[in-house]
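Here is a quick walk through a model, from its salt bridges to its metal site and its pocket. Have the structure open while you read.

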Amino acid sequence: MKDCNCIFCKIANGEIPSATLYEDDEFRVILDLNPASKGHALVLPKEHFANLFEIPADVLGRAAGVAKKVSEKLFNGLHADGFNLLQNNGESAGQTVFHFHMHLIPRYKGDTVGVGWKPGTLTDEDREEILALSRQE
Ligand code: 5GP
Ligand code: ZN
């Protein structure tokens, strides 16, 4: 299933050329056009899923396998010091292209990549609410 207005559908399916690091029947891994760091890549399924909640678990599992394989190559080949595997869902989480993708971001000592948050405090109320949620079927 392809969304005709989706740029990542076009890239993943080869209608728009891209710097491709890996391709198989189901996925394409490309270099990000506006990289956070040297080697920043994106894992794209060829089928259109908007986000984590639409992608089936088995496809997600295989995407993770592809992410691991390409990440290892980037990490070793680029002599990175660390690595972030990121995946954004929804505008408030930073998603700008609404076709599921995983970010592979090599990290280098002293780089300026901004992935982080200000640590909060887990309140008793939140803990109980969330634990109760997780117990629901
Ligand atoms: P998001 O913010 O949705 O998690 O990530 C979208 C990513 O796609 C961004 O890092 C952005 O730089 C990248 N991107 C957007 N359009 C294109 C494109 O046409 N080609 C490539 N290679 N990357 C793109
Ligand atoms: Zn798409």
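Let's fix one term up front: buried means under 20% relative accessible area, exposed means over 50%, and partly exposed is anything in between, using a 1.4 Å probe and protein chains only. By that scale Glu-128, at 40% relative accessibility, is partly exposed.

Some housekeeping: this is a predicted model, where local features need pLDDT of at least 70, side-chain atom pairs count only at pLDDT 80 or more, and totals for chains, interfaces and linings use all residues. Residues are numbered from 1 along each chain as its sequence is written, chains are lettered from A and ligands numbered from 1 in the order in which they are written, and side-chain values use heavy atoms, with hydrogens and water left out.

**Salt bridges**

Side chains of opposite charge can pair when their charged atoms come close. Here the cut-off for a salt bridge is a side-chain nitrogen of Lys or Arg within 4 Å of a carboxyl oxygen of Asp or Glu. The structure has nine of them, including these:

| Acid | Base | N to O distance |
|---|---|---|
| Glu-26 | Arg-62 | 2.7 Å |
| Asp-81 | Lys-109 | 3.7 Å |
| Glu-128 | Arg-127 | 3.1 Å |

What does the bridge between Glu-26 and Arg-62 tie together? Glu-26 sits in the loop between strand 1 (20-23) and strand 2, and Arg-62 in helix 2, so the pair links parts that are 36 residues apart in sequence. (Helices, H or I with at least four residues, and strands, E with at least two, are DSSP runs numbered from the N terminus.) Glu-26 is partly exposed at 25% relative accessible area, and Arg-62 is partly exposed at 39%.

Asp-81 and Lys-109 pair up. Asp-81 is in the loop between helix 2 and strand 4 (82-86) and Lys-109 in the loop between strand 5 (102-107) and helix 3 (124-135), so this pair ties together parts 28 residues apart in sequence. Asp-81 is partly exposed at 44%, while Lys-109 is exposed at 74%. Arg-127, the partner of Glu-128, is partly exposed at 33%. There is also a salt-bridge network that links Glu-23, Arg-28 and Lys-46.

**The zinc site**

Which atoms hold the zinc ion (ligand 2)? Its donors are Cys-6 (SG), Cys-9 (SG), His-48 (ND1) and His-99 (ND1), at 2.1 to 2.3 Å. Donors here are N, O and S atoms within 2.8 Å of the metal (3.2 Å for Na, K and Ca); water is not among the atoms, so sites may look incomplete. The angles among the four donor atoms run from 104 to 118°, and the site is tetrahedral, a label that asks for four donors with all angles between 85 and 135 degrees. Along the chain, the donor spacing reads C-x2-C-x38-H-x50-H. Cys-6 comes in the segment before helix 1 and His-48 in the loop between strand 3 (41-45) and helix 2 (57-77), so these two tie together parts that are 42 residues apart in sequence. Cys-6 and His-48 are both buried.

**Asp-32**

Asp-32 belongs to the loop between strand 2 and strand 3. Buried or exposed? Asp-32 is buried, with a relative accessible area of 16%. From Asp-32 to Ala-50 is 18 residues in sequence and 18 Å in space, C-alpha to C-alpha.

Definitions and conventions:
Tetrahedral: all angles 85-135°; square planar, octahedral: opposite > 155°, others 65-115°.
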